[in-house]
Amino acid sequence: MANEQNPIVIDNVTLVPIRTVSLIPNLKVDWDNKSKTVMVTDSDTKNKLNLTVGSNSAYVNDKKVSVSVNPTVKEGAVYVPFRFIGEALNAKVLWHPDSKTVVTYKPSQTLLQRYASNKLDYTFKEG
């Protein structure tokens, strides 16, 4: 497929096309072509993230933070650091090297409350 956009790795950081981020449920992605800024909003939490192509600074809910690898443009597509986006929006991001896949999820508030109060049931059975 000629227009297929695959992740790229720069300095051991995986960047994905912003289109990939836009496909994640509950995330709204906007693009400002003039400033070359990607704006990601979580519709559940209302958390916001702004990243600008070529800049190592980003804004998470209006707080300035550093990005280890700048968002970049490759073959006309904007690529952004996937783990940074997930973690900035309070999601967990896991890498499975055997299958070369990334899993991202948001822990439920109930689970977080139980964890904080040490009321988790740690009885796991091995199969």
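**Two sheets, two cores, two salt bridges**

With a relative accessibility of 38%, Arg83 counts as partly exposed. Keep in mind that this is a predicted model. Arg83 is one half of a salt bridge with Glu87, and the structure holds two salt bridges. Beyond those, the picture includes an open sheet of five strands, an open sheet of four strands, and a nonpolar core of 19 residues that is the largest in the model.

**Salt bridges**

- Arg83 and Glu87 join through their side chains, with 3.2 Å from N to O.
- Why is about one helical turn the spacing between Arg83 and Glu87? It is because they sit four residues apart in helix α2.
- Glu87, like its partner, falls in the partly exposed class, here at 44% relative accessibility.
- The side chains of Lys28 and Asp30 also meet in a salt bridge, at 3.1 Å from N to O.
- Asp30 has a relative accessibility of 30%, so this residue counts as partly exposed, given that the partly exposed class runs between 20% and 50%.
- As a general point, side chains of opposite charge can pair when their charged atoms come close.

**The sheet of five strands**

- The strands run in the order β3-β4-β5-β6-β7, and the pairing is antiparallel.
- β3 (27–32) and β7 (63–66) are the edge strands, each pairing on one side only.
- From one strand to the next, the twist averages 20 degrees.
- β6 (residues 57–60) pairs with β7 in the antiparallel sense, over four bridges.
- Across that pair, Tyr59 stands opposite Lys64, and Ser57 stands opposite Ser66.
- The hairpin of β6 and β7 has two residues between the strands, and Asn61 there takes a positive phi near 50 degrees.

**The sheet of four strands**

- Here the order is β1-β2-β9-β8, again with antiparallel pairing.
- The edges are β1 (8–10) and β8 (72–74), and each of them pairs on one side only.
- Ignoring direction, neighbouring strands in this sheet are turned by 40 degrees against each other on average.
- β8 and β9 pair over three bridges in the antiparallel sense, with Thr72 opposite Tyr79 in β9.

**Nonpolar cores**

- Which residues touch the most other members of the 19-residue core? They are Val21, Val40, Leu49, Leu51, Val80, Phe84 and Ile85.
- At least two residues of this core come from each of α1 (18–22), β4 (37–42), β5 (48–52), β6, β9 (77–81) and α2 (82–88).
- α2 gives the largest share, four residues.
- Leu49 has contacts that include Val38, Met39 and Val40, then Ala58, Tyr59 and Val60, and also Phe84, Ile85, Ala88 and Leu89, leaving aside neighbours within four places in sequence.
- There's also a second, separate core of six residues, with Ile8, Val13, Leu15 and Ala77 among them.
- In soluble globular proteins, nonpolar side chains tend to be buried together.

**Ile24 in its loop**

- Ile24 lies in the loop between α1 and β3.
- Is Ile24 buried or partly exposed? Its relative accessible area is 25%, so it counts as partly exposed, the cut-off for buried being under 20%.
- Ile24 and Asp42 are 18 residues apart in sequence, and their C-alpha atoms are 9.8 Å apart in space.

Terms used
Residues numbered from 1 in each chain as written. Predicted model: local features only at pLDDT ≥ 70, side-chain atom pairs only at ≥ 80, totals over all residues. Heavy atoms only, no water. Pairing = 2+ DSSP bridges. Axes fitted to C-alpha atoms, helices over the stretch in contact; angles between N-to-C directions. Core = buried A, V, L, I, M, F, W, Y, C linked by side-chain atoms within 4.5 Å. Buried < 20%, exposed > 50% of the residue type's maximum accessible area, 1.4 Å probe, protein only. Contact = heavy atoms within 4.5 Å. Salt bridge = Lys/Arg side-chain N within 4 Å of Asp/Glu carboxyl O.
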